[in-house]
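I opened the notebook to record two topics: how a pair of helices packs, and how charged side chains pair.

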Amino acid sequence: MLAESEIHRVLVVAAHPDDADFGAAGTIALLGDRGVEVTYLIVTDGDAGGNERTLDNSGMAELRKAEQTAAAKIVGVTDLRFLGYSDGTVVPSLELRRDISRVIRQVRPDLVITHHPDRNYQFVGPSHPDHRAVGGSALDAVYPDARNPYAFPELIRDEGLEAWKVREVWLMGGSTPNHWVDITASVDRKVAALQSHVSQVSHIEGFADFVKARFASWAEQAGLGEGRYAEGFQVVPTA
């Protein structure tokens with residue numbers, strides 16, 4: 001597993017606005033505190049989300065982009081990229097692999113954080129079809145696409161994007177985490193980032209307490225004890 005000193009650039013590949021905040025915002029805030037450069041790549045425009053919505057899909061997409069930008073700022077992320085795929089319709093595809101590979105070659109991250117591609121039978125929330133499609137495509141982009149100069153040759157020929165090898169991937173939302181990050185120092189920023197997604201969470205009574213209880217239970221699962229908060233990931237070596 002990469003040492004902290006080996007992580008200088010991180011790319012977070014998420015299906016929807018708010019996914020990075022639910023899965024990893026506490027960890028991302030801590031990375032930023034250490035001077036790590038973090039980029040968000042959001043695959044869909046989130047236009048199928050929202051509670052008691054009055055906006056059409058185009059208006060919701062713009063609102064969710066603004067909400068994600070505000071949430072990212074809270075945890076220190078200012079480099080956001082949106083692919084604009086339609087919410088709820090993402091499937092694994094060569095097009096998606098190419099689009100993620102392009103950003104990997106642009107950002108040249110040491111670490112990629114993305115969705116677990118397998119269904120979580122213990123907790124259904126992370127198993128949205130878009131999540132699984134994005135996670136699988138991101139892993140395919142990491143290996144073999146982004147590192148293979150002969151994959152998507154137009155990225156080199158037309159855009160000058162040389163191959164890049166990502167050294168490690170952290171999967172969020174899976175049922176078998178093997179790495180826990182103590183986010184006690186950043187949990188309030190995580191909650192604030194999530195609350196920036198007003199269109200998605202404002203209707204949930206006691207939302208902040210719900211979030212803290214959920215990540216407190218993960219800290220106990222990780223053996224950190226009471227009064228702590230944690231995010232969990234499955235680490236995949238990819239060097």
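Entry 1. I needed a cut-off before reading any burial value: a residue is called buried when its relative accessible area is under 20%, exposed when that area is over 50%, and partly exposed in between. I also noted that this is a predicted model.

Entry 2. I looked up Asp99 with that cut-off. Its relative accessible area is 9%, so Asp99 is buried. Its sequence neighbour Arg98 has a relative accessible area of 24% and is therefore partly exposed. I found that Arg98 and Asp99 join their side chains in a salt bridge, with 3.2 Å from N to O.

Entry 3. Which residue forms a salt bridge with Asp99 at 3.1 Å between the closest N and O atoms? I found Arg102 there. Both residues lie in helix H3, which covers residues 94–107, and because they are three residues apart, about one helical turn separates them. Arg102 is buried, as is Asp99. I then followed the shared partners: salt bridges link Arg98, Asp99, Arg102 and Glu159 into one network.

Entry 4. I looked up another pair, Asp79 and Arg81. Their salt bridge has its closest N and O atoms 3.0 Å apart. Are these two residues buried or exposed? Asp79 has a relative accessible area of 27%, so I put it down as partly exposed. Arg81 comes to 26% and is also partly exposed. I wrote a reminder in the margin: side chains of opposite charge can pair when their charged atoms come close. For the whole model, I noted a count of 13 salt bridges.

Entry 5. I turned to helix packing. Two packed helices are described by the angle between their axes and the distance between the axes. I looked up helix H1, residues 19–33, and helix H6, residues 187–195; they pack at an angle of about 130°, and their axes are 9 Å apart. That angle makes H1 oblique to H6. The handedness of the H1 and H6 crossing went down as right-handed.

Entry 6. Which residues of H1 and H6 meet? On the H1 side I listed Asp21, Phe22, Gly23, Ala24, Ala25, Gly26, Ala29 and Asp33. On the H6 side I listed Arg189, Lys190, Ala193 and Leu194. Sorted by class, this contact of H1 with H6 holds six nonpolar, two polar and four charged residues.

How values were computed:
Residues are numbered from 1 along each chain as its sequence is written. This is a predicted model: local features need pLDDT of at least 70, side-chain atom pairs count only at pLDDT 80 or more; totals for chains, interfaces and linings use all residues. Side-chain values use heavy atoms; hydrogens and water are left out. Axes are lines fitted to C-alpha atoms, for helices over the stretch in contact, and angles run from 0 to 180 degrees between N-to-C directions. Helices (H or I, at least four residues) and strands (E, at least two) are DSSP runs, numbered from the N terminus. Angles under 35 degrees count as roughly parallel, over 145 as roughly antiparallel, 65 to 115 as roughly perpendicular and the rest as oblique. A crossing is left-handed if the near helix is turned anticlockwise from the far one by less than a right angle, and right-handed if clockwise. Contact means heavy atoms within 4.5 Å. Ala, Val, Leu, Ile, Met, Phe, Trp, Tyr, Cys and Pro count as nonpolar, Asp, Glu, Lys and Arg as charged, and the others, Gly among them, as polar. A salt bridge is a side-chain nitrogen of Lys or Arg within 4 Å of a carboxyl oxygen of Asp or Glu. Buried means under 20% relative accessible area, exposed over 50%, partly exposed in between (1.4 Å probe, protein chains only).
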